[in-house]
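Colleague: I would like a close look at one part of this model: the salt bridges. Please walk me through them slowly, partner by partner.

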Amino acid sequence: MRDPRLAPFRVPALAFAAFLVVQAASAAALFALKLGGSPAGVRAFYLGDAARFAAPKSLAGLLEVAVPHLAAIPLVLFAVVHVVSFARALPARAARGLAALSFGAALAGVAASFGVRYLGPALAPVKVAAFGLLELTLLAWAALLGAVFLPARAEEPARADTAAGAAEEIAE
Amino acid sequence: MRWLVQQPAAGSRARPPVALFLVFAALALAGLAAQRLQAGGLSPADVEAFYRGAEGGEPLTAAALWEEVHVGAFVYGFVLFMLAALAAVAPRLEGVRGGLVLAAFAATLADLFAPFAVSARPGLGALRVATTVLASASMWALLVAVAVAQARVGRDARA
């Protein structure tokens with residue numbers, strides 16, 4: 001851990017990382033169970049499937065899923081990006097890139113649901129790709145939290161540098 | 001994060017929003033408890049009936065179980081993260097904060113996954129009742145500890 005000011009937040013951050021993994025895992029399970037995990041399954045889920053007596057999704061049904069996700073996903077991403085960026089676990093450009101990728105995948109995933117339903121079934125692979133990308137970025141952020149906050153064997157020798165480093169960061 | 005690590009200088013500015021957050025966190029925990037009462041409450045038999053289906057009724061699907069995990073992980077995860085971060089900078093919780101946070105973390109995780117056990121095997125309704133009580137009690141204990149610590153710091157600052 002580079003910054004000694006972060007030490008008190010080790011347990012909260014690691015608990016948050018664990019819940020992030022649970023969220024990603026439960027989202028993957030739901031995607032597989034409800035949407036089939038493939039473009040064909042996504043098409044059947046949103047456009048209906050006569051063989052299974054499934055109706056196309058209504059606008060109300062799409063909004064019921066989209067609205068909570070439009071609030072919850074950015075909130076989770078904001079929190080984890082904020083903590084990882086504060087800890088300077090990544091170079092600034094890489095952190096900005098990963099954040100943009102995460103928010104972009106989340107937005108594309110929500111938009112693709114409406115796209116498949118109202119624009120065309122050709123957008124089903126976009127929904128699968130956006131979901132997969134969001135899952136990967138969530139796991140990447142959880143891993144970064146782990147990298148920052150898990151106790152490292154080499155932490156003690158590095159501790160000598162931390163006071164000066166922290167002073168520099170405050171001065172910035 | 002800066003407010004938290006720059007205590008106590010910036011702490012006084014953070015107190016009003018923290019107090020409001022604690023009110024909403026309390027409401028969220030109360031809402032979660034009310035939801036649990038609708039899903040069998042503190043009766044192992046009613047919990048089993050809710051998940052496994054009562055008297056020949058349909059049991060909850062795997063998707064419904066995962067949906068409960070998905071929503072619960074967000075609520076528990078976010079509230080626990082905020083409360084634990086506030087506890088981390090509360091000066092009067094040195095001796096108890098680690099135990100409170102770890103207990104809440106373990107109990108909430110167990111509570112999220114207990115429905116799978118209830119669905120898989122008969123006779124495990126009491127397990128879900130126990131995890132619900134433990135998760136609720138540990139989260140409320142953490143919330144009250146943070147609220148009391150914040151109130152004391154505010155009182156000291158005014159004195």
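Modeller: One term comes up front. A residue is called buried when its relative accessible area is under 20%, exposed when that area is over 50%, and partly exposed in between. Keep in mind that this is a predicted model.

Now take R128(B). Its relative accessibility is 2%, so R128(B) counts as buried. R128(B) sits in helix α6 of chain B, which covers residues 125-158. Which side chain does R128(B) meet in helix α4 of chain B? The partner is E68(B), and the two side chains form a salt bridge with 3.0 Å from N to O. The pair links distant parts of the chain, as R128(B) and E68(B) are 60 residues apart. E68(B) is partly exposed, because its relative accessible area is 23%. That value falls in the range between the 20% and 50% limits.

R128(B) also has a salt bridge with D111(B). Here, too, the N to O distance is 3.0 Å. D111(B) belongs to helix α5 of chain B, residues 97-120. D111(B) and R128(B) are 17 residues apart, and this pair again links distant parts of the chain. Is D111(B) buried or exposed? Its relative accessibility is 0%, so D111(B) counts as buried.

Put these pieces together. Salt bridges with shared partners join R36(B), E68(B), D111(B) and R128(B) into one network. R128(B) is a partner of E68(B), and R128(B) is a partner of D111(B) as well.

Next, look across to the other chain. K34(A) makes a salt bridge with E67(B). The closest N and O atoms of this pair are 2.3 Å apart. Why does this bridge join two chains? K34(A) lies in helix α1 of chain A, residues 10-35, whereas E67(B) lies in helix α4 of chain B, residues 62-88, so the pair joins two chains. How accessible are the two partners? K34(A) has 34% relative accessibility, so K34(A) counts as partly exposed. E67(B) has 34% relative accessibility and therefore counts as partly exposed.

Step back to the whole structure. How many salt bridges does a search over all chains find? The search finds five. Among them are the pair K34(A) and E67(B), the pair R128(B) and E68(B), and the pair D111(B) and R128(B).

How values were computed
Residues numbered from 1 in each chain as written. Chains lettered and ligands numbered in written order. Predicted model: local features only at pLDDT ≥ 70, side-chain atom pairs only at ≥ 80, totals over all residues. Heavy atoms only, no water. Salt bridge = Lys/Arg side-chain N within 4 Å of Asp/Glu carboxyl O. Helix = DSSP H or I, 4+ residues; strand = E, 2+ residues; numbered from the N terminus. Buried < 20%, exposed > 50% of the residue type's maximum accessible area, 1.4 Å probe, protein only.
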